[in-house]
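Trainee: I have this model open and would like to go through its contacts with you, beginning with the terms.

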2 protein chains.
Amino acid sequence: MNKTFRPTESELEILSILWDKENATVREVHEVVQKTKDVGYTTTLKLMQIMNEKGLVTRNVSSKTHIYTPTLKKEKAQEQFVGKMIQTLFSGSTSQLVMQALGKHKPSDSDLAEIKSMIQKLERK
Amino acid sequence: MNKTFRPTESELEILSILWDKENATVREVHEVVQKTKDVGYTTTLKLMQIMNEKGLVTRNVSSKTHIYTPTLKKEKAQEQFVGKMIQTLFSGSTSQLVMQALGKHKPSDSDLAEIKSMIQKLERK
DNA sequence: GATTGCTTACGAATATAATCGTATAAAATA
DNA sequence: TATTTTATACGATTATATTCGTAAGCAATC
């Protein structure tokens, strides 16, 4: 079994910061959050405490300043959100999602090459 | 200018039904909603009334039973959600999203061919 | 040792989303 | 025409998410 987490918008923002840094203190996270949102320190603290209760993160409490680590893996979250999006917005069609993404946000040439080789691999299956 | 709507989860579900049917009455929408969620008719009604206030849908009131039409276009919603997802979950990398999608949900051969031709078009740009 | 600053804990306020019950009117039907 | 069915309107409740103020403890600095 593998519980499916459904992080809220704010939680997702914090998670993406944690994914970036591997792990971090509330202050470190808050410093990044502040760049985009104007909220108080205790707001970020509270959110991270709630995320801990939900099991989205764990924390190391051995020193006064706690260190938070995400338990939900980035890949898992990507999988969940992409899957959900394909269902609700693209009528279950992966290719439609891919076309939309490529059309609106063109990747670099090397990225295109990478995608191409992936498609070739898929075709051989 | 072009206001960016941010439909909630329930609103998105209703929108996807409306996109499918072009337009529909509350009862028609509710019948589909009921297949997945166990909620009362007035809940669906209320949601659609709120969506009307927000401008997510318009409605034709000329007969007793109102007919609702989505104003937010499916393509626009796709664009918004895909863009947001690329930013928050894929560090701004379109190709990463594409790879994830292709890896987890393999499209049909004809869809793959379609994607391939799209890539070729992009390469020429 | 007293003061200042940083940290967590936690209750409470506020905002937003979702749900439903009831009233009322129109239409369908008995 | 009386009754039943179906629709909207809308207030109220409940659930969930977000925000912040304040208390208390610890540590660095004065």
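Mentor: A polar contact is a pair of N or O atoms within 3.5 Å; within protein, one atom must be able to donate a hydrogen and the other to accept it, and residues adjacent in sequence count only if both atoms are side-chain atoms. The model is predicted, with local features requiring pLDDT of at least 70 and side-chain atom pairs pLDDT 80 or more, while totals for chains, interfaces and linings use all residues. Residues are numbered from 1 along each chain as its sequence is written, chains are lettered from A and ligands numbered from 1 in the order in which they are written, and side-chain values use heavy atoms, with hydrogens and water left out.

Trainee: OK, DNA then. How many residues surround DNA strand C, and which are the closest?

Mentor: DNA strand C is surrounded by 19 residues, the closest being Arg27(A), Tyr41(A), Lys64(A), Thr8(B) and Gly40(B); a residue is near a strand or molecule if one of its heavy atoms lies within 4 Å of it. Of the strand C atoms within 4 Å of the protein, 60% belong to sugar or phosphate, and the rest belong to bases.

Trainee: Which side chains have an N or O atom by a phosphate oxygen of DNA strand C?

Mentor: Among them is Thr8(B), with a side-chain N or O atom 2.6 Å from a phosphate oxygen of DNA strand C, and for Thr43(B) the corresponding distance is 3.1 Å. From the other chain, Arg59(A) places a polar side-chain atom 2.9 Å from a phosphate oxygen of strand C. Two elements give two or more residues to the surface near DNA strand C, namely helix H3 (41-54) of chain A and helix H3 (41-54) of chain B; helices (H or I, at least four residues) and strands (E, at least two) are DSSP runs, numbered from the N terminus. H3(A) gives the most to that surface, with five residues.

Trainee: And by class, what does the surface near DNA strand D have?

Mentor: The surface near DNA strand D has five nonpolar, nine polar and eight charged residues, where Ala, Val, Leu, Ile, Met, Phe, Trp, Tyr, Cys and Pro count as nonpolar, Asp, Glu, Lys and Arg as charged, and the others, Gly among them, as polar. At the phosphates of strand D, a polar side-chain atom of Thr8(A) lies 2.7 Å from a phosphate oxygen, one of Thr43(A) lies 3.1 Å from a phosphate oxygen, and one of Arg59(B) lies 2.9 Å from a phosphate oxygen.

Trainee: Switching to the protein interface: what area do chain B and chain A bury between them?

Mentor: Chain B and chain A bury about 4200 Å² between them, 70% of it on carbon and sulfur atoms; buried area is the accessible area (1.4 Å probe) that two parts lose on being put together, summed over both. In this interface 44 residues of chain B are in contact (heavy atoms within 4.5 Å) with 44 residues of chain A. There are also 18 residue pairs in polar contact between chain B and chain A, both residues being at pLDDT 80 or more.

Trainee: How many salt bridges cross the interface of chain B and chain A?

Mentor: The rule, a side-chain nitrogen of Lys or Arg within 4 Å of a carboxyl oxygen of Asp or Glu, finds eight salt bridges across the interface of chain B and chain A. One of them pairs Glu123(A) with Lys116(B), with the closest N and O atoms 3.1 Å apart. Another joins the side chains of Glu9(B) and Lys84(A) at 2.6 Å, N to O. Glu9(B) lies in helix H1 of chain B and Lys84(A) in helix H4 of chain A, so this pair joins two chains. Salt bridges that share partners link Arg6(A), Lys84(A) and Glu9(B) into one network.

Trainee: What about the Lys54(A) and Glu11(A) pair, how far apart are the closest N and O atoms?

Mentor: In the salt bridge of Lys54(A) and Glu11(A), the closest N and O atoms are 2.7 Å apart. That pair links distant parts of the chain, with Lys54(A) in helix H3 and Glu11(A) in helix H1 (residues 9-21) of chain A, 43 residues apart. Buried means under 20% relative accessible area, exposed over 50%, and partly exposed in between (1.4 Å probe, protein chains only). Glu11(A) is buried, with a relative accessible area of 2%, whereas Lys54(A) is partly exposed at 40%.

Trainee: Last one, Gln78(A): buried or exposed?

Mentor: Gln78(A) is buried, with a relative accessible area of 6%, and is found in helix H4 (residues 74-89) of chain A. Its side chain reaches the backbone oxygen of Leu89(B) at 2.8 Å. Leaving aside neighbours within four places in sequence, Gln78(A) is in contact with Leu89(B), Phe90(B), Gln96(B) and Gln100(B).
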